[in-house]
Amino acid sequence: MNNVNIRLECLRPAEQWSRPTGEEIREVLRLAGLTGSQAAKKLGLGPSGSRTVRRARGDVSYNRYSAWGQLCYLAGLGVIWKES
């Protein structure tokens, strides 16, 4: 498996945030040890949550900063919504 780097602009507070790619989302899920279904449950995405995560992994218009921040936290990447 190739090493995937997560761009620093994806790990910033919302005002400075850049949307992650599908590859970056897949990497954060891998680091968190979560399947798409598990992530959907942890994020409280409801009945269609697994579909939302699948679409995000596929790089289809993902722009939910709060969910991304929670996934980054679960993956051990820190609290991205706080200024460092």
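In the predicted model, helices α1 and α4 pack with their axes 8 Å apart and at an angle of about 40°, a value that lies outside the range under 35 degrees counted as roughly parallel and below the 65 to 115 counted as roughly perpendicular, and the two helices are therefore oblique to each other. The crossing in which α1 passes α4 is left-handed. On the α1 side the contact is made by E24, I25, V28, L29 and A32, which meet W68, L71, C72 and L74 of α4. By class, this contact of α1 with α4 comprises eight nonpolar residues and one charged residue, with no polar residues.

Several residues of this helix pair recur in the largest nonpolar core, which has 20 residues and in which V28, L29, L34, A39, W68 and L71 touch the most other members. Two or more residues of this core are contributed by each of α1 (22-32), α2 (36-42), α3 (49-57) and α4 (65-74), and the greatest contribution, five residues, is that of α4. When residues up to four places away in sequence are left aside, A39 touches L29, L34, V53 and L71.

Helix α1 also contains E23, which, with a relative accessible area of 45%, falls between the limits of 20% for buried and 50% for exposed and is therefore partly exposed. Although E23 and R57 are 34 residues apart along the chain, their C-alpha atoms are separated by 6.7 Å.

Notes:
Residues numbered from 1 in each chain as written. Predicted model: local features only at pLDDT ≥ 70, side-chain atom pairs only at ≥ 80, totals over all residues. Heavy atoms only, no water. Core = buried A, V, L, I, M, F, W, Y, C linked by side-chain atoms within 4.5 Å. Buried < 20%, exposed > 50% of the residue type's maximum accessible area, 1.4 Å probe, protein only. Helix = DSSP H or I, 4+ residues; strand = E, 2+ residues; numbered from the N terminus. Contact = heavy atoms within 4.5 Å. Axes fitted to C-alpha atoms, helices over the stretch in contact; angles between N-to-C directions. Parallel < 35°, antiparallel > 145°, perpendicular 65-115°, else oblique. Left-handed = near helix turned anticlockwise from the far one by under 90°. Nonpolar A, V, L, I, M, F, W, Y, C, P; charged D, E, K, R; others polar.
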